[in-house]
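Biologist: Could you take me on a close look at one part of this model, the aromatic pairs, and then show me what lies around them? I would enjoy one connected account.

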Amino acid sequence: MEKRLKGFKLLQLVALLLVAARFSIQISASDSDPIFFEPFNESFGGRWVVSEKEEYKGIWQHAKSDGHDDYGLLVGEKAKKYAIVKELDDPVHVKGKPVVLQYEVRLQNGLECGGAYLKYLRPQEAGWTSKEFDNESPYTIMFGPDKCGSTNKVHFILNHKNPKSGKYIEHHLKYPPSIPSDKLSHVYSAILTPDNELRILIDGEEKKKAKFLSAEDFDPAIIPPKTIPDPDDKKPEDWDERAKIPDPSAVKPDDWDEDAPMEIEDEDAVKPEGWLDDEPEEIDDPNATKPEDWDDEEDGEWEAPKIENPKCETAPGCGEWKRPMKRNPAYKGKWHAPLIDNPNYKGIWKPREIPNPDYFELETPDFEPIAAIGIEIWTMQDGILFDNMLIADDEKIAEAYRKALWKPKFEVEKEKQKAEEAATGQDGLSGIQKKIFDLLYRIADVPFLEAYSPKILELIEKAETQPNLTIGILVSVIVVVFTIFFKIVFGGKKAAVMQPG
């Protein structure tokens, strides 16, 4: 009882510190203010606009985070589409200065299938309005958690305009970090710097670093390739892609019998002593009787059900004895000429390369201004709580807000989770296990494992519910990865050869 009381007093103290920290930040000097900050201390009505589009039936709520006096923007219903937007007082220009995009989200009931990401929208001159905000509203950046099926990632998508074609293209961050697998508050930060670097932080810890102009970090690459395959180039009719061909000079040996069966009767076999040739393996059940309501005209002639012949239980066998089959030593199968190197082999054909009409060069991405923040999601879970959305031009400001507002809540939730696990006798997932699951989710998202991703995810989800299986699951996934790797290395196709121009 005394321990519980001390624990409760500790939670009260942390809550008071949380309020004091929030208050101290709100009265901080103006030179440390973020560009935008939304703590949801007050109702969002009048400041945020809910989409009036028919498909968005989800009702947004101004609600407390479970176990806290801190309010946030809540997704309160399952299996609904949600859309809400907040226009900024002034557009935020990303180019030429550092920008930090940060917000908290708590998946209070977990997340099996749904999104919890934000969209940073272009100015309304691009063709959208707050009341008509939907999936097609043009954005500059999409950032945040998304999980469903084989997807388990913290998205970062840059919608960038090709200056040559004038088209906007979504460029996805490759190999993004996975989502923490718990129901605690987490803070997601995207730091964009003038030297074209992107850093993704989860709870202040760097999980991903990338370069915007690197083809290794974004798909498709922001800068398109200089050349592309010529769509008008055609493979010549005499182009031979066969690396090996049957040896035309080979002749089938005279003693090669293609008609010999694979198996033959074992002539050395002898019928076991005591074999009951005249006894059937099954007999009519002597205890069965015809049902009283059986109608021969409608149901047909009644037959007693069969049972195993009791005489066969002690005998080596019943019924007609037949010699067992054995492999035919003379069997060779259909003859095929051995393969030899093809003297006319030219490699796998591919079209010649031509200059890419959409190619361009640039020193830094041409970020569109951010004029609004929107949440446009579909989710099968309720209890998703958004809080403390921030845009800043100094990552120290974001760090200060993170430590003052998110950290105390997280520590309270973490201690509460430990207490609940101890009360139920469950250890939950250890830190090492969580790191293993994060690694496995990343492995499942690797492109060359795409065909095996559903099976890997099934194994991961099984291990999350049964932590004692973690090591076994990890070994299973490693075996799958190495098997595929060896197939690629030793059984892959030969490299393509371009036709000489």
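Modeller: Gladly! To set the scene, 39% of the 501 residues of the chain count as buried. Keep in mind that this is a predicted model. The chain has six helices and 27 strands. Among its contacts with a separation of 6 or more, 74% are between residues 24 or more positions apart.

Now to the rings. The structure holds 14 aromatic pairs. One of them joins Phe-156 and Phe-218, with 6.5 Å centre to centre and 70° between the planes, an edge-to-face arrangement. This pair links distant parts of the chain, as Phe-156 belongs to strand β10 (residues 151-161) and Phe-218 to strand β15 (residues 218-219), 62 residues apart. Both Phe-156 and Phe-218 are buried. They also belong to a wider cluster, in which ring pairs link Trp-60, Tyr-82, Tyr-103, Phe-143, Phe-156, Tyr-188, Phe-212, Phe-218, Phe-367 and Phe-386.

If you follow the chain on from Phe-218, look at the peptide bond from Asp-219 to Pro-220: it is cis, with omega near -10°. Pro-220 itself sits in the loop between β15 and β16 (227-229).

Another cluster member, Tyr-82, leads us to Thr-379, a residue of strand β25 (residues 370-379). Thr-379 counts as buried because its relative accessibility is 0%. Beyond its neighbours within four places in sequence, the residues in contact with Thr-379 include Tyr-82, Val-75, Leu-111, Cys-113 and Ile-384. Ile-384 brings us to strand β26 (residues 384-392), where Asn-388 lies. Asn-388 is not a glycine, yet its phi is positive, near 50°. With a relative accessibility of 5%, Asn-388 is also buried.

A positive phi turns up in Tyr-175 too, at about 50°, and again the residue is not a glycine. Tyr-175 is in the loop between β11 (168-173) and β12 (185-192). Its relative accessible area is 45%, so Tyr-175 counts as partly exposed. For a ring with a charged partner, turn to Tyr-168: Arg-122 lies over its face, at 3.8 Å from the ring centre.

A second arginine deserves a visit. Arg-199 is part of strand β13 (residues 197-202), and it is buried because its relative accessible area is 16%, where the cut-off is under 20%. The side chains of Arg-199 and Glu-206 are joined by a polar contact of 3.0 Å. Between the C-alpha atoms of Arg-199 and Ala-210 there are 6.5 Å, although these residues are 11 apart along the chain. Residues up to four places away aside, Arg-199 touches Ser-189, Ala-190, Ile-191, Glu-206, Lys-208, Lys-209 and Glu-395.

Glu-395 is our way into helix α3 (residues 395-424). Just at the start of α3, a side-chain oxygen of Asp-394 comes to within 2.9 Å of the backbone nitrogen of Lys-396. The helix has 30 residues and spans 40 Å from its first C-alpha to its last, close to the 44 Å expected at 1.5 Å a residue. At Trp-406, α3 bends by about 40°, with a proline, Pro-408, following within four residues.

Notes
Residues numbered from 1 in each chain as written. Predicted model: local features only at pLDDT ≥ 70, side-chain atom pairs only at ≥ 80, totals over all residues. Heavy atoms only, no water. Phe/Tyr/Trp six-rings, centres within 6.5 Å; stacked < 30°, edge-to-face > 60°. Helix = DSSP H or I, 4+ residues; strand = E, 2+ residues; numbered from the N terminus. Buried < 20%, exposed > 50% of the residue type's maximum accessible area, 1.4 Å probe, protein only. Lys NZ or Arg CZ within 6 Å of the ring centre and 35° of its normal. Expected span 1.5 Å × (residues − 1). Bend = angle between axes of the 7 residues up to and from the residue. Polar contact = N/O pair within 3.5 Å; in protein donor to acceptor, adjacent residues only side chain to side chain. Contact = heavy atoms within 4.5 Å.
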